[in-house]
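Me: I would be grateful for a close look at one part of this model. Please concentrate on the loop that contains the cis peptide bond, and then relate it to its surroundings.

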Amino acid sequence: MITIHHLNKSRSKRVIWLLEELKIAYTIVEHQRDSKSNLAPESLKLIHPLAKAPIIVDGTITLCESGAIMEYVLNQATTDKLRPAINSPEYYYYLEWLHFAEGSLSLPVITTLLMSMEDRDGTKPLDGYIAKEIQLDLSYIESTLNERRYFSGDNFSAADIMMTIILEIADNLGLLKNKIKTNAYLTTMQQRSAYQTAANYG
Ligand SMILES: N[C@@H](CCC(=O)N[C@@H](CS)C(=O)NCC(=O)O)C(=O)O
């Protein structure tokens, strides 16, 4: 059975909602935000190194990222009613919006939220937040690449294409210093001939 690690006032509402729509059984483990920092508690870190909600655990699978979890849950469902048929025009609209929510919209919305908190109560949620988040993410990437050759395992996948391009920006900003595995991974990706064809376009 799927266990949802739920953080109050968080995106894990998406997962509960989806499971309810699909009438799939689940259990919830509740985690409470720290009353001062509003951040997730240590208990969430014990479940996944990123300590971000939602996280689900189902047998040997532990998964974070709400969009990935939506796909996981839909793959367990006996009906495909909440995901358009692959290759239909609606499927691609579906994919675009599924990724848009976290890939594009969330950055400006959450940044506005954090900035409004600064104005409201004089705290400085942005102070150190970005640097801390980057280190958290880059450490997670480094430890993943320490265990796996590619992001999804032994084989190159589209996930590597998605990750390489954003990691190059991080590298250009000097954020990958001391990230030995990540730097080696980037070099390997940049040696692929298809990458080089794409890079020739500037
Ligand atoms: N892109 C991630 C975002 C995860 C995320 O930032 N979750 C927030 C709650 S909505 C969180 O755990 N915040 C607590 C913290 O950063 O300590 C997703 O869609 O799951």
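Reply: The model is a predicted one, and the part in question is the loop between helix 2 (42–45) and strand 3 (55–58), where P54 is found. The peptide bond that leads from A53 into P54 is cis, its omega lying near 5°.

A second backbone feature belongs to this loop. A51, which also lies between helix 2 and strand 3, has a positive phi, near 50°, although the residue is not glycine. A51 counts as buried because 20 C-beta neighbours lie inside 10 Å, and the threshold for that class is 20 or more.

The loop between strand 2 (26–31) and helix 2 offers a counterpart, for N38 lies there. N38 likewise has a positive phi without being glycine, in this case near 70°. Its setting is another matter: N38 has 12 other C-beta atoms within 10 Å and is therefore exposed, given that the exposed class comprises residues with 12 or fewer. Positive phi values thus occur here at a buried residue, A51, and at an exposed one, N38.

The ligand comes next. Thirteen residues surround the ligand, of which S10, L39, A40, K52 and S66 come nearest. By class, this shell consists of 7 nonpolar, 2 polar and 4 charged residues.

S66 also takes part in a long-range pairing with K13: the two are 53 residues apart in sequence, yet their C-alpha atoms are separated by 9.5 Å in space. K13 belongs to helix 1, which spans residues 12–22. With 16 other C-beta atoms within 10 Å, K13 is partly exposed, because that class falls between the limits of 12 or fewer for exposed and 20 or more for buried.

Finally, the setting of the loop in the whole chain may be described. The chain comprises 8 helices and 4 strands, and from the N terminus its elements follow the order β-α-β-α-β-β-α-α-α-α-α-α. Its C-alpha atoms fill a box of roughly 50 × 45 × 30 Å along the principal axes. Of the 202 residues in the chain, 13% are buried, and A51 is counted as buried. Among contacts with a separation of 6 or more, 50% join residues 24 or more positions apart.

Conventions
Residues are numbered from 1 along each chain as its sequence is written. This is a predicted model: local features need pLDDT of at least 70, side-chain atom pairs count only at pLDDT 80 or more; totals for chains, interfaces and linings use all residues. A residue is near a molecule or strand if its C-beta atom, placed from the backbone, lies within 6 Å of it. Ala, Val, Leu, Ile, Met, Phe, Trp, Tyr, Cys and Pro count as nonpolar, Asp, Glu, Lys and Arg as charged, and the others, Gly among them, as polar. Helices (H or I, at least four residues) and strands (E, at least two) are DSSP runs, numbered from the N terminus. Two residues are in contact if their C-beta atoms, placed from the backbone, lie within 7 Å.
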